[in-house]
Amino acid sequence: MSAKSELPLLLLLLLLFSSSTAPTTAADDYVLYKDPRASIEDRVSDLLSRMTLAEKIGQMTQIDRIVAPSDVIRDFFIGSILNGGDSAPKNASPSMWADMIDGFQRAAFETRSGYRSYTGQTPCTATITSSGPPYSPTTSDSGPPDLMVRIGKATALEVKATGVPYAFAPCIAVCRDPRWGRCYESYSEDTEIVRSMSKIILGLQGSPPSDHPKGYPYINTATGVVACAKHYAGDGGTTGGINENNTVADYPTFFDVHMRPYIDAVSMGVSTVMASYSSWNGVKMHTNRYLLTRVLKHEMGFKGFIISDWEGVDRISSPPGSHYRDSVRAAINAGIDMVMVPHDYPKFIGDLTDLVNSGEVPMSRIDDAVTRVLRVKFVMGLFERPMADRSLGAVVGRREHRELAREAVRKSLVLLKNGKPGGRPLLPLDRRAGKILVAGSHADDIGYQCGGWTITWAGGQGHTTNGTTILQGIKNSVSMRTQVVHNEKPDAKFLQTNRGFSYAIVVVGEKPYVESGGDDDKLELPKESLETIETVCGSVRCLVIIVSGRPITIETHVGLMDGLVAAWLPGSEAGDGIADVIFGRYEFQGRLPRTWFRRVDQLPMNVGDERYDPLYPFGFGLEMGLQLPKRGPRIRSAPFTSSSTALSSWFQI
């Protein structure tokens, strides 16, 4: 999704619509589609037969909440409402979200057929889970896929508590070039890891029974929400890692690297798929009938609906929005079922209506699209449960969910260095040390440790959500006698006048970014961060923790470090999760899910390439060699305050 369109966990809610058709008499008061005992396909067929063209096109239209007053919902039969990344109500509690969504529903009830959809965002006190997938070459039942399912389940419950039944997640792109600004939305450069991590769908939606029809949407209506596999397909393989660019590959390669995760998603009953802005061999994905209709819908058997990305139809042409009518025709005929047209919905609705009346878009294509949209809505149970479930309020911010986020941090950390050649290991750190220094731009900043797609579209700096900074986690873990000195950017004079540090922890990294704003052909730490590493590590034994959405250039400075940890974007529970491991309560388990390069001129470079000379190879990760009990000791937690929890940045949308 694009600018101002989605959040770390962008939620999309399809509002039920009470279909108030013409008044009925006693003889015909039975309406098939309203009967929950009838089959879903019969209900869909019955309702479709009653709908006008205007109502059908309304079902295919998704608009932003800021242009969705009640009269627009009623007059245009709007089928879906989206919360853009920067259009969310500020400081809204879960109950306020639910009130807002129920308001959209009530407007939908006033239409002759009101099938609505709303996309929300994480409330401002959300818990953000690590974006670094826990990866291990050998996966057991208690390994990463299981963790992803548990994260999905927790997320679904908290999403439902806000009244939102649809999450724009997961992103199952295979990032083949870290210069791509959306690389942190991808689980790995390796297709098999992405396939493994995509099991979060089973947590979000629920696990379908063994006899569930292949490709048919599945949602556990009591605990699940609609998931969205994206961005179909090849968005992680663009030339130069440029966002929304062209992926050049023959079909067998394209399929093996970028499309296999979608086979898994479809087999798990994923309800929706989002088309990518990118192109394959010069053809925009939003117009690629071969991949959207023949491969995804027919060969893979996908029975849910395909949604466009934010203004994705506009971006078919260059400049965006030019030849718009032709773009609408191409996208709908290619297989797009729901169009994210956040603002200028009258133009889209008018053009599509004209295209159908002129025969340029066949009615059969419209009926297929609406059938798919209605199918998902019936599977969701929206006709029977149109309003927010207020009984779920107690699950929001529950301790178990924050502990789950903390576990995700522990399992995603990767130890890259522990001790200089010939020297003793630095880790685990001594929690009883007399005096330690904590430095760096990312040591005490929740916004930085969460990254983009967090509360607002581009993320932010400072206390953006409730949580624990890395500095706070360190303070929570060391002994009462340990003096923790925090200086974000200590200079040489400070270190000369403040001696006696047992060790230093330097936390640096990337500042939040999203999409094209994150495209970077240098991938360097900021100058001030490098200076902090040079100053501190040149004087004190130091552990450097890198907070980033991807590998970055660090080879020239690794020699100064005694320890190095890749923390990725560890989220709001980073402080305690990182402290759990660096102080030895838990062992490092993470392995690199993507190659850590030496220089950007090596990119793209992925495991299996003929010329493969990384700083740290794919799958690399050290351990401290701890002898820990099978079940770790009970650990001290930071003071807990009730807040909204959305375990989200593992599936940045």
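Visitor: Which residues of strand 16 point one way, which point the other way, and are they buried or exposed?
Guide: In this predicted model, Cys542, Val544 and Ile546 point one way from strand 16, while Leu543, Ile545 and Val547 point the other way. In a regular strand the side chains alternate between the two faces of the sheet. As for their environment, the residues of both groups are all buried.

Visitor: How many of the residues of strand 16 are buried, and what follows for the strand?
Guide: Strand 16 spans residues 542-547, and a residue counts as buried when its relative accessible area is under 20%. Because six of the six residues meet that condition, strand 16 is largely enclosed by the rest of the structure.

Visitor: In which sense do strand 15 and strand 16 pair, and which residue of strand 16 is the bridge partner of Ile505?
Guide: Strand 15, which covers residues 503-509, pairs with strand 16 in the parallel sense, and six bridges connect the two. Within that pairing, the partner that Ile505 finds in strand 16 is Leu543.

Visitor: Where does Thr532 lie, and is Thr532 buried or exposed?
Guide: Thr532 belongs to helix 17, the helix of residues 527-537. Leaving aside residues up to four places away in sequence, Thr532 touches Ala439, Gly440, Glu488, Lys489, Pro490, Val506 and Cys537. Its relative accessibility is 3%, and therefore Thr532 counts as buried.

Visitor: What is the strand order of the open sheet with parallel pairing, and which are its edge strands?
Guide: This open sheet consists of three strands in the order 5-7-10, with parallel pairing, and the twist from one strand to the next averages 30°. Strand 5 and strand 7 (residues 272-275) are joined by four bridges, and Ala229 has Val273 of strand 7 as its bridge partner. Each edge strand pairs on one side only, and the edge strands are strand 5 (228-232) and strand 10 (305-307).

Visitor: At what angle does helix 8 run to strand 5?
Guide: Helix 8, made of residues 251-267, lies across both strand 5 and strand 7. With respect to strand 5, the angle at which helix 8 runs is about 160°.

Visitor: In the open sheet with mixed pairing, what is the strand order, and which residue of strand 9 is the bridge partner of Trp280?
Guide: The sheet is open, has three strands and follows the order 6-8-9, with strand 6 (246-247) and strand 9 (283-284) at its edges. Strand 8 (residues 279-280) pairs with strand 9 in the antiparallel sense over two bridges. The bridge partner of Trp280 in strand 9 is Val283.

Visitor: How are helix 1 and helix 12 oriented where they pack, and what is the handedness of their crossing?
Guide: Helix 1 (residues 40-50) packs against helix 12 (residues 363-380) with the axes 9 Å apart and at an angle of about 130°, which means that helix 1 is oblique to helix 12. Among the residues that make the contact are Val44 and Leu47 of helix 1 together with Leu374 and Phe378 of helix 12, and the contact residues divide into eight nonpolar, one polar and four charged. The crossing of these two helices is right-handed.

Visitor: Why is helix 13 described as oblique to helix 19, and how many residues of their contact are charged?
Guide: The axes of helix 13 (residues 399-412) and helix 19 (residues 574-582) cross at roughly 45° and come within 8 Å, and that angle makes helix 13 oblique to helix 19. Helix 13 contributes Arg406, Val409 and Arg410 to the contact, and helix 19 contributes residues including Asp576 and Asp580. Of the contact residues, four are nonpolar, one is polar, and the number charged is four.

Methods: Residues numbered from 1 in each chain as written. Predicted model: local features only at pLDDT ≥ 70, side-chain atom pairs only at ≥ 80, totals over all residues. Heavy atoms only, no water. Axes fitted to C-alpha atoms, helices over the stretch in contact; angles between N-to-C directions. Parallel < 35°, antiparallel > 145°, perpendicular 65-115°, else oblique. Left-handed = near helix turned anticlockwise from the far one by under 90°. Contact = heavy atoms within 4.5 Å. Nonpolar A, V, L, I, M, F, W, Y, C, P; charged D, E, K, R; others polar. Pairing = 2+ DSSP bridges. Buried < 20%, exposed > 50% of the residue type's maximum accessible area, 1.4 Å probe, protein only.
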